[in-house]
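This report is an introduction for a reader who has not met this structure before. Please look over the sequence and the model first, and then follow the sections below.

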Amino acid sequence: MGQKTGVRYRLALATLPEGNDMRSMSLALALALLSAPGFAQSPNANPAPAVQAADPVAVLAGRLELDSYKATIKSLTDFGDRRQGTKRNRKAVAWIEAQLKSYGCSNVERLHYKYQAPPPSRPHSDTAMVPVIASGEVRSGVGGSRYRGITKATGVNTDPNRQPDEKLRTLDHEPATDGSRDDVYCTKIGTTHPEEMYIVGAHLDGHGWGEAANDDGSGAALVLELARVFNMPDVKTGRSIRFVLWNNEETGLNGSTAYVEQRAGLQGQELPKGLGKYPEPRWLAMIQHDMMLWDHGMPRADGSWNPEQRPEADINIEFQSTSKFADAAMKLGFFFRDANEKYATDYPAAVGPHMTNTDSTPFMDLVPALSLRENERGMQTGAGWNPTWHQPMDVYSMFSDKDFRLGLNAAQTTLGAVGQLAGVSLK
Ligand SMILES: [Zn+2]
């Protein structure tokens with residue numbers, strides 16, 4: 001993929017027919033953006049600087065700010081680990097709902113579902129070293145991945161005494177109880193195609209007796225920041241964008257699964273008829289954000305870790321090669337990578353085929369689905385690359401500006417890609 005691929009994608013966008021048939025239009029969008037034309041055209045068009053300056057997507061990307069992103073993460077951590085089925089989780093849902101309303105995002109709604117915990121399995125919180133992978137040894141990870149080099153065991157901390165901050169220990173104290181739960185979402189309604197949407201998501205719940213700052217305050221704040229910027233009064237999009245904060249990700253993707261079960265069948269229906277309102281616009285793609293800050297590299301042989309963000313840190317865009325929409329999702333992944341090259345200020349992005357264990361999974365056989373992360377979920381996160389993962393040290397103060405900036409770059413990447421796909425313009 002050369003540096004000019006973005007130009008070619010935009011040409012593909014510009015030449016899309018503006019027909020009346022919504023179905024064929026959305027098909028045209030899905031196919032034209034995500035398939036052959038972008039790759040087939042000759043890369044001879046250089047973007048004129050004047051055109052770039054007028055690029056509304058670039059203007060919007062410029063409105064994302066590190067301080068604002070950090071402040072949103074900080075506010076989320078004020079609710080502790082936001083564990084599902086607790087008062088602190090419900091308070092976080094209400095706070096997110098109020099934020100979405102304050103951004104002017106339309107139709108702030110909740111999806112209700114019930115959650116009952118399965119019988120408890122033996123908890124484990126083992127951070128011991130496991131043998132270094134030998135040359136030629138194939139050790140498999142989740143999602144179809146393969147571990148490499150030095151790995152560390154991972155697990156969810158369930159011991160409150162490992163949280164040294166007494167105030168936080170108290171805040172995280174209430175255990176989960178079975179019962180009703182809410183996801184919360186809002187929608188930027190498209191001006192020309194309100195009946196179709198891109199879904200941009202992250203999970204609001206966490207666990208491990210920390211503040212769930214990185215997992216997944218960093219993704220939730222990214223979605224909130226995108227909702228804020230896309231809903232500024234001068235911003236229009238042709239297609240709709242839904243910003244969703246899932247609950248119960250950590251217990252097994254229950255909030256996103258409930259959404260798919262309840263709403264997949266409502267896609268594209270105009271309700272009530274004749275008013276141009278679509279409670280569930282047809283899904284064009286789903287993009288999840290889960291753990292966006294920490295890319296410090298492989299654990300060291302002695303079990304310690306690099307305290308600094310590694311300079312070669314990147315954003316990992318993953319699709320699932322075994323999903324029904326693998327081919328379209330792969331092309332969407334490279335479109336996101338290309339958006340990163342155009343709109344992200346610092347860190348690059350890489351595409352991988354092993355998306356797993358996150359809220360895009362329930363969508364992946366219905367629509368092209370991606371996840372964006374700090375690391376590959378299987379090969380890297382699963383191999384213990386992030387020592388804060390589900391641990392008491394997943395707290396705001398653990399992360400530096402170099403870490404937060406990786407999350408900001410992921411926000412720029414998704415804004416860049418979705419802004420182009422949804423057809424953003426400025427009044
Ligand atoms: Zn997560």
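## The chain as a whole

How much accessible surface does the chain have, and what percentage of that surface belongs to carbon and sulfur atoms? The accessible surface comes to about 17300 Å², and 55% of it belongs to carbon and sulfur atoms. These values, like the others in this report, come from a predicted model.

The secondary structure of the chain comes to 12 helices and 10 strands, and of its 427 residues 55% count as buried. When contacts between residues at least 6 apart in sequence are considered, 81% of them join residues that are at least 24 apart.

## The disulfide

The count for the chain comes to 1 disulfide, which is formed by Cys-105 and Cys-186, with their sulfur atoms 2.1 Å apart. The torsion about the S-S bond of Cys-105 and Cys-186 is about 90°, and the disulfide is therefore right-handed. This pair links distant parts of the chain, since Cys-105 is in the loop between helix H7 (87-102) and strand S1 (106-115), while Cys-186 is in strand S2 (residues 179-188), 81 residues apart. Both Cys-105 and Cys-186 are buried.

## The zinc site

The protein donors of the zinc ion are His-203 through NE2, Asp-215 through OD, and Asp-290, which is listed with two OD donors, and they lie 2.0 to 2.7 Å from the ion. Along the chain these donors follow the spacing H-x11-D-x74-D. Here too a pair links distant parts of the chain, with His-203 in strand S3 (residues 193-203) and Asp-290 in the loop between strand S6 (282-289) and strand S7 (315-318), 87 residues apart.

Why is the arrangement around the zinc ion irregular? The 4 donor atoms subtend angles of 51 to 149°, whereas a tetrahedral arrangement would need all angles to lie between 85 and 135 degrees. Two of the donor residues can also be described by their burial: His-203 has a relative accessible area of 0% and is therefore buried, and Asp-290, with a relative accessible area of 2%, is buried as well.

## Helix H6

Helix H6 (residues 66-77) has 12 residues, which at 1.5 Å a residue should span 16 Å, and its end C-alpha atoms are 17 Å apart, which agrees. The buried residues of H6 include Leu-66, Tyr-69, Ile-73 and Leu-76, and Lys-70 is also among them. The buried residues of this helix pack against H7, helix H9 (213-230) and helix H12 (401-422).

Technical notes. Residues are numbered from 1 along each chain as its sequence is written. This is a predicted model: local features need pLDDT of at least 70, side-chain atom pairs count only at pLDDT 80 or more; totals for chains, interfaces and linings use all residues. Side-chain values use heavy atoms; hydrogens and water are left out. A disulfide is a pair of cysteine sulfur atoms within 2.5 Å. Helices (H or I, at least four residues) and strands (E, at least two) are DSSP runs, numbered from the N terminus. Buried means under 20% relative accessible area, exposed over 50%, partly exposed in between (1.4 Å probe, protein chains only). Donors are N, O and S atoms within 2.8 Å of the metal (3.2 Å for Na, K and Ca); water is not among the atoms, so sites may look incomplete. Four donors count as tetrahedral if all angles lie between 85 and 135 degrees; four count as square planar and six as octahedral if opposite donors are over 155 degrees apart and all others between 65 and 115; anything else is irregular. Contact means heavy atoms within 4.5 Å. Accessible areas come from the Shrake-Rupley method with a 1.4 Å probe; for residues, only the protein chains shown count as cover. The expected span of a helix is 1.5 Å times one less than its number of residues.
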